[in-house]
Amino acid sequence: MISTTNEVRQVTCAIIIDNGKILAALRSRQMSESWKWEFPGGKIDDGETAEECIKREITEELALNISITERLTSVIHTYPSKTIELIPFICTINGGTLHVVEHEKVSWFEPEKLKSLNWAEADLRIIDKVIEKVQVKV
Ligand SMILES: Nc1nc2c([nH]c(=O)n2[C@H]2C[C@H](O)[C@@H](COP(=O)(O)OP(=O)(O)OP(=O)(O)O)O2)c(=O)[nH]1
């Protein structure tokens, strides 16, 4: 199949809350949107639900098992070369030991520190809602 640049790619991301802090991940030189912060996650595979996708991605990227607390409203964002639908989930850790597989690094931030990061553009569109939600849950 010829891939088209105007198809919307569905991408899930996890806002992982632990001990009152939220995990953010810095995209590496090898990744698109390099050196931007994001919530870990990735593209939905064929035949996979968004919930299955985020659990799989977090196991692959961070070696953590997560539980989903809440699915937030998604945003559609167009980059110069692609359009994504970013589907955020508030999550908690259910098991595993954090191991950073793909990202440059990950860090834990208090909710009020999140706004100061250099986020991927799509994340800038969800960050206010994320902060509002996590401040209730931490
Ligand atoms: N995982 C994740 N991806 C995000 C976020 N915000 C955001 O714009 N993205 C973008 C970056 C990527 O283009 C895409 C996720 O793709 P991916 O991480 O599974 O794979 P990739 O780097 O190979 O993606 P790409 O180069 O094909 O665009 O969504 C976010 O918070 N989390």
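This is a short selection-by-selection tour of a predicted model.

**Confidence first**

Colour the chain by pLDDT. The mean is 95, and 96% of the residues reach 70 or more. For the complex, the predictor gives an ipTM of 0.93 and a pTM of 0.94.

**The ligand shell**

Select the ligand and the 17 residues around it. Ser32, Glu38, Gly41, Gly42 and Ala122 come nearest. Two or more shell residues come from each of these elements: strand 1 (8–18), strand 4 (41–43), strand 7 (83–96) and helix 2 (121–124). Strand 4 gives the largest share, 3 residues. Now colour the shell by class. There are 9 nonpolar, 3 polar and 5 charged residues.

**Arg9**

Move to strand 1 and pick Arg9. Is Arg9 buried or exposed? Neither label fits: Arg9 counts as partly exposed, because 13 C-beta neighbours lie inside 10 Å. Leave aside the neighbours within four places in sequence. Arg9 is then in contact with Lys43, Lys82 and Ile84. Next, draw a distance from the C-alpha of Arg9 to that of Leu23. The two residues are 14 apart along the chain, and the gap is 23 Å.

**The turn at Asn19**

Follow strand 1 to its hairpin with strand 2, where 2 residues lie between the strands. The strands pair in the antiparallel sense over 2 bridges. Asp18 has Lys21 of strand 2 as its bridge partner. Stop at Asn19, in the loop between strand 1 and strand 2 (21–26). Its phi is near 55°, a positive value in a residue other than glycine. Most residues other than glycine have a negative phi. Asn19 counts as exposed because only 7 C-beta neighbours fall inside 10 Å, and the cut-off for exposed is 12 or fewer.

**Strand 2 and its other partners**

Keep strand 2 selected. Add strand 8 (residues 105–109): the pairing is antiparallel, over 5 bridges. Leu26 stands opposite Lys105 of strand 8. Then add strand 3 (residues 37–38), joined to strand 2 by 2 bridges and also antiparallel. Here Ala25 has Glu38 as its bridge partner. Glu38 was on the ligand stop too, among the residues that come nearest.

**Helix 1**

Select residues 50–62, which make up helix 1. The helix has 13 residues and reaches 18 Å from its first C-alpha to its last, close to the 18 Å expected. Which residues of helix 1 are buried? They are Cys53, Ile54, Lys55, Glu57, Ile58 and Leu62. In an α-helix, residues three or four places apart point the same way, because there are 3.6 residues a turn. Show what the buried residues pack against: strand 1, strand 4, strand 5 (64–71) and strand 7.

**Ala63**

Step off the end of helix 1 to Ala63. This residue lies in the loop between helix 1 and strand 5. Its phi is positive, about 60°, although it is not a glycine. Ala63 counts as partly exposed because it has 14 C-beta neighbours inside 10 Å.

**Last stop: strands 6 and 7**

Select strand 6 (residues 75–78) with strand 7. The two run antiparallel and are joined by 4 bridges. They form a hairpin with 4 residues between them. Thr78 has Thr83 of strand 7 as its bridge partner. Strand 7 is one of the elements that give two or more residues to the ligand shell, and the buried residues of helix 1 pack against it as well.

Note on methods. Residues are numbered from 1 along each chain as its sequence is written. This is a predicted model: local features need pLDDT of at least 70, side-chain atom pairs count only at pLDDT 80 or more; totals for chains, interfaces and linings use all residues. A residue is near a molecule or strand if its C-beta atom, placed from the backbone, lies within 6 Å of it. Ala, Val, Leu, Ile, Met, Phe, Trp, Tyr, Cys and Pro count as nonpolar, Asp, Glu, Lys and Arg as charged, and the others, Gly among them, as polar. A residue is buried if 20 or more other C-beta atoms lie within 10 Å of its own, exposed if 12 or fewer, and partly exposed in between; C-beta atoms are placed from the backbone. Two residues are in contact if their C-beta atoms, placed from the backbone, lie within 7 Å. Two strands pair if DSSP finds at least two bridges between them. pLDDT is the predictor's confidence in each residue, from 0 to 100. The expected span of a helix is 1.5 Å times one less than its number of residues.
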